[in-house]
Amino acid sequence: MDKIVSFMNEKVEPSARKISESDFMKIISSSFTMIMGVIIGGAFFSLISSLNIGSYQEFLTSLGVKPFLSVVEKFTTGLMGIYISFSFGYNYMKVKKLDAQAVGAGLCSIIAFLVLTPLAVVEETSYISFDFLGASGIFTAILIGYIVGMIYTFCIKKDVKITMPNGTPPAVSDAFTAVIPSVLSISAAVVINALCVTFLKTSATEFIYNMIKIPFAGFSGNIMTLVIFSFFISLFWLFGVHGGQIFTPFILMLYLQNGIANQSAFASGQSPTHILTFSFFLITLIGGNGGTLGLSINMLLFSKSKRYKTLGRLSIAPSLCGINEPLLFGMPIVLNPYMAIPFLVVPIVNVLVAYFTMSIGIVSVPQIATYVIGTPVLLDGFLVCGITGILLQMVLVTLSVLIYYPFFKVLDIKSVDEEALLGVEEALLGVE
């Protein structure tokens with residue numbers, strides 16, 4: 001065990017920390033965090049508009065409000081590509097400490113993204129359809145946000161800009177600073193799209209989508225990919241490294257598109273088709289990383305030792321909302337060989353059970369892309385999968401309790417013996 005700990009601390013932890021603290025990861029994390037409000041807002045109105053209860057739908061129709069509720073999805077998840085292009089261009093500049101040009105780079109990213117988006121033609125009239133502004137345009141939006149950010153950063157740091165005379169108001173000076181990088185960014189988008197249309201007979205967005213869709217579909221549609229992510233998140237946490245911070249951005253990139261597609265389908269009255277989404281991953285994290293709600297329940301109900309009974313009382317409420325730092329560092333689970341097996345196994349079991357029950361139709365496929373982190377267990381299951389989501393999470397909690405129990409009892413018995421020994425020592429000291 002000591003050799004493993006030493007290897008993780010000397011070799012793995014520094015590399016993991018470099019990845020989590022890299023500009024690339026900061027841009028991805030900040031950008032997806034920035035648009036979460038849009039996704040959650042869209043999910044909220046999708047649920048209100050499309051909740052599959054006959055009498056409720058009749059009530060909405062009788063009031064005449066359903067069309068007004070349904071249109072929200074069009075301008076939230078339906079325009080996700082636009083929001084992501086802005087957020088990536090904006091956050092690229094923020095991470096590079098070029099805040100004055102962050103908004104300009106974000107707006108320029110939107111322009112470049114729209115330049116790359118295919119136009120639909122009806123009776124000689126061109127217009128932008130929603131087809132590639134939502135889930136299908138996400139990868140183009142990410143790519144163009146990075147490219148624009150790189151061009152802006154290069155121009156500003158190399159002083160390729162229009163310099164105004166001293167005394168010019170900062171707002172005017174910043175506006176002229178953005179002229180050259182804006183022109184270069186939009187020109188790059190025009191050239192890329194022209195080359196794709198001329199030689200590939202397709203728009204740049206369609207080309208990028210088709211090129212990325214095949215490998216990403218292989219990863220995002222494969223349950224083993226999520227199993228591997230779940231395993232490494234727990235493994236890193238066991239050694240005190242925030243596994244979620246390292247791997248969650250990659251999970252978002254892989255699975256958010258599936259969730260947005262499901263949410264759009266659900267809002268339009270169609271059946272969602274993607275099982276593996278970011279919200280699927282979230283509802284399997286019952287109690288936080290490691291699926292530790294079962295451990296909290298064991299402590300609360302079955303502890304014989306004062307130590308773990310007290311920790312169970314303290315940890316149960318946070319665990320219900322997916323917060324398990326009291327267990328990770330208070331038990332602790334970190335660097336605890338007794339807890340390693342269940343901490344690694346429970347998340348994998350949760351993912352596999354959830355996937356199996358959805359694939360055979362017992363549990364509904366996720367209908368929203370994501371939700372507010374910290375939503376209590378069972379409520380989050382209901383938001384994502386309806387009533388069947390609640391039943392699924394009840395099963396997962398039960399499995400978590402059963403898997404953690406024998407490992408926890410070893411520590412509990414050990415703690416009882418230690419407390420008894422301590423009591424004897426205190427009694428002897430009292431006699432003396």
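These are my notebook entries on one predicted model, going from the whole chain down to single residues.

**Entry 1: the whole chain**

I started with the secondary structure and got 19 helices and two strands for the chain. The C-alpha trace spans about 95 × 60 × 40 Å along its principal axes. I then looked up burial: 48% of the 432 residues count as buried. For the accessible surface I noted about 20,600 Å², with 70% of that belonging to carbon and sulfur atoms. Last item here was contact range. Taking contacts between residues at least 6 apart in sequence, 73% join residues at least 24 apart.

**Entry 2: α2 against α3**

Next I looked at a helix pair. Two packed helices are described by the angle between their axes and the distance between the axes, so I wanted both numbers. Helix α2 covers residues 23–50 and helix α3 covers residues 54–63; they pack at an angle of about 100°, and their axes are 8 Å apart. Angles of 65 to 115 degrees count as roughly perpendicular, so α2 is roughly perpendicular to α3. Which residues meet there? On the α2 side I listed I48, S49 and S50, and on the α3 side Y56, Q57 and L60.

**Entry 3: salt bridges**

How many salt bridges does the rule give? The count is four, and I wrote up three pairs, below.

- K96 and D23: their side chains meet in a salt bridge, 3.0 Å from N to O. The pair links distant parts of the chain, with K96 in the loop between α5 (80–95) and α6, D23 in helix α2, and the two positions 73 residues apart. K96 counts as partly exposed because its relative accessibility is 22%. D23 is at 32%, so D23 is partly exposed as well.
- D99 and K94: the closest N and O atoms of this salt bridge are 3.4 Å apart. I checked both ends for exposure. D99 has a relative accessible area of 44% and is partly exposed; K94 has 31% and is partly exposed too.
- D412 and K409: this salt bridge has an N to O distance of 3.0 Å. D412 and K409 are three residues apart in helix α19 (residues 387–431), so about one helical turn separates them. Are they buried or exposed? D412 is buried, and K409 is buried as well.

**Entry 4: two residues in α6**

I picked S109 and V115, since both sit in one helix. S109 lies in helix α6, residues 102–116. Its relative accessibility is 0%, so S109 counts as buried. I left aside neighbours within four places in sequence and asked what S109 is in contact with. The list is S85, F86, G89, I144, G145 and V148.

V115 also lies in helix α6. Its relative accessible area is 25%, and partly exposed begins at 20%, so V115 is partly exposed. Not counting residues up to four places away in sequence, V115 touches A189, V190 and N193. I also took a C-alpha distance from V115 to L226: the two are 111 residues apart along the chain and separated by 34 Å.

**Entry 5: Y255**

Y255 is found in helix α12, which runs over residues 243–267. Buried or exposed? Y255 is buried, because its relative accessible area is 0%. I then listed what Y255 touches beyond four places in sequence: F219, S220, N222, T225, L226, L276, T277 and F278. L226 turns up again here as a contact of Y255. For a pair distance I used F236, which is 19 residues from Y255 along the chain; the C-alpha atoms are separated by 21 Å.

**Entry 6: a nonpolar patch**

Finally I went to the surface. V191, L195, F199, L200, F207 and M211 form a nonpolar patch there, with about 600 Å² of accessible area together. Where does the patch come from? Helices α9 (179–200) and α10 (204–220) each supply at least two of its residues. α9 gives the most, with four residues.

I pulled out F199 for a closer look. F199 is found in helix α9. Exposed means over 50% relative accessible area, and F199 is at 64%, so F199 counts as exposed.

Definitions and conventions. Residues numbered from 1 in each chain as written. Predicted model: local features only at pLDDT ≥ 70, side-chain atom pairs only at ≥ 80, totals over all residues. Heavy atoms only, no water. Patch = residues over 30% accessible without salt bridge, like charges linked within 9 Å, V, L, I, M, F, W, Y side chains within 5 Å. Areas by Shrake-Rupley, 256 points an atom, 1.4 Å probe, with all protein chains shown as cover. Buried < 20%, exposed > 50% of the residue type's maximum accessible area, 1.4 Å probe, protein only. Axes fitted to C-alpha atoms, helices over the stretch in contact; angles between N-to-C directions. Parallel < 35°, antiparallel > 145°, perpendicular 65-115°, else oblique. Contact = heavy atoms within 4.5 Å.
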